[in-house]
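I opened this entry to keep track of what I looked up in the structure, in the order in which I looked. Each paragraph below takes up one topic.

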Amino acid sequence: MKLSIIVPVYNAEKFLDKCIKSVQTQTLQDFELILVNDGSKDKSLEICEKYSQEDDRIIVFNQENSGQSKARNVGLENANGEYVAFLDSDDWVDSDYYEKLVTGCEKNDAEISCGSILRVRKNYQKYRIKYTEEKVYTKPQEKIDVAHVPDMCYVWNKVYKKEFLDRINLKFVEGMFFEDVDFVTRAVYFSNKIVTIPNTYYHYWTNWNSTVKTMKLSDKKRADSLKSKEMVLKFFKEHNLKSKARNLIKRKTSITIGGFPILKIYEQETVKRYYLFNCIPILEVMSYA
């Protein structure tokens, strides 16, 4: 089998049809679609099973709610494809997306191929990442930069050679939000080659009720967001890499009086920024500690 496409599913009944049909209509038809239901409370499991009964390329796994990272690992453990891709249940892809990314890997003997991203909202869409040429990268820093690591560590706009992931024993950190940050950083760095693929798009739907696409982050998500960035900073330091990301925040500190925010400090990779009343920039101090 050429490709395994892994979709973690949680309360996605409004989006699943579009997601699954975008896979079924791919020009690359030699695939398996692995749907991992993560304890959904809506009709997601029912929808998954309906498609599985109609299409023998669709496989359904059902687990108690254990998080997206666990669901993705279940998909990886059961994937039979020569290549592996990830797709979120509220997103979709162009009809030639996987054919072009798999072909790019094969033609260039690359372990990862990267596609462009269109961020879609209700009334407009915008390029998140846009590749304009098919180009191979082999140097560590160049691979990191062209893959937009760590500021856009998306696991799903890529195709990975399964043998490569198995060889480096790469899994998602379970029980953690933003688990794709560590996964993508390591995959890109340890790959021998990555190739960028133009003229086909992953459509990234901004659903504010999904796992991480939310305006109001819980304390757990905030803590995991910072933890994931700290993991990347540590990895970059160990492997002598540099980050172009300006939003790689190591620590946030808030100072309040009577519950009213007075000062917020954002400690980033190389700079500390101070904001009065959380919004007025008053000081910037370079920090290389």
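How many of the 10 residues of helix H3 (residues 68-77) are buried? I counted 8 of them as buried, so I noted the helix as mostly covered, with buried taken as under 20% relative accessible area. The buried positions of H3 are Gln 68, Ser 69, Ala 71, Arg 72, Asn 73, Val 74, Gly 75 and Leu 76. I then asked what covers the buried residues of H3. The cover includes strands S1, S2 (31-38), S3 (58-63) and S4, together with helices H6 (162-167) and H7 (179-190).

Before going further I wrote down what kind of model this is and how far its confidence reaches. It is a predicted model, and its chain averages a pLDDT of 88, with 89% of the residues scoring at least 70. I marked residues 209-216 for caution, since pLDDT stays under 50 there, although the model has 19 contacts beyond four places in sequence for this stretch.

For the chain as a whole, I noted 8 helices and 14 strands. Of its 289 residues, 50% count as buried, and the chain exposes about 14,400 Å², of which carbon and sulfur atoms supply 49%. Looking at contacts with a separation of 6 or more, I found that residues 24 or more positions apart account for 72% of them.

Strand S4 (residues 83-86), which is part of the cover of H3, was my next stop. Which residues of S4 lie on each of its faces, and are those faces covered or open? Tyr 83 and Ala 85 lie on one side and Val 84 and Phe 86 on the other, and I noted all of these as buried, which leaves both faces covered. Strand S1 (residues 3-9) runs parallel to S4 and is joined to it by 4 bridges, and within this pairing Ile 5 has Ala 85 as its bridge partner. Strand S9 (residues 158-161) runs antiparallel to S4, with 3 bridges between them, and here Tyr 83 is partnered by Lys 161.

I also looked up Ser 22, which is found in helix H1 (residues 16-24). Is Ser 22 buried or exposed? Its relative accessible area is 6%, and it therefore counts as buried, the limit being under 20%. Leaving aside residues up to four places away in sequence, Ser 22 touches Trp 92 and Val 93. Ser 22 and Trp 92 are 70 residues apart in sequence, yet their C-alpha atoms are 5.8 Å apart in space.

Next I went through the backbone for unusual geometry, keeping in mind that most residues other than glycine have a negative phi, and that most peptide bonds are trans. In the loop between helix H5 (140-146) and S9 I found Pro 150, which is joined to Val 149 by a cis peptide bond with omega of about 10°. His 148 lies in the loop between H5 and S9 as well, and its phi is near 60°, a positive value in a residue other than glycine. At 26% relative accessibility, His 148 counts as partly exposed. Phe 178, in the loop between H6 and H7, also has a positive phi near 60°. Phe 178 comes to 18% relative accessibility, which is under 20%, so I entered this residue as buried.

My last look was at the surface. Which residues make the nonpolar surface patch of about 470 Å²? They are Phe 260, Phe 277, Ile 280, Ile 282 and Leu 283, and strand S14 (residues 280-286) gives the largest share, 3 residues. Phe 260 belongs to strand S12 (residues 260-268). With 48% relative accessibility, Phe 260 counts as partly exposed, because exposed is reserved for values over 50%.

Notes
Residues numbered from 1 in each chain as written. Predicted model: local features only at pLDDT ≥ 70, side-chain atom pairs only at ≥ 80, totals over all residues. Heavy atoms only, no water. Helix = DSSP H or I, 4+ residues; strand = E, 2+ residues; numbered from the N terminus. Buried < 20%, exposed > 50% of the residue type's maximum accessible area, 1.4 Å probe, protein only. Contact = heavy atoms within 4.5 Å. Pairing = 2+ DSSP bridges. Patch = residues over 30% accessible without salt bridge, like charges linked within 9 Å, V, L, I, M, F, W, Y side chains within 5 Å. Areas by Shrake-Rupley, 256 points an atom, 1.4 Å probe, with all protein chains shown as cover. Salt bridge = Lys/Arg side-chain N within 4 Å of Asp/Glu carboxyl O. pLDDT = per-residue confidence, 0-100.
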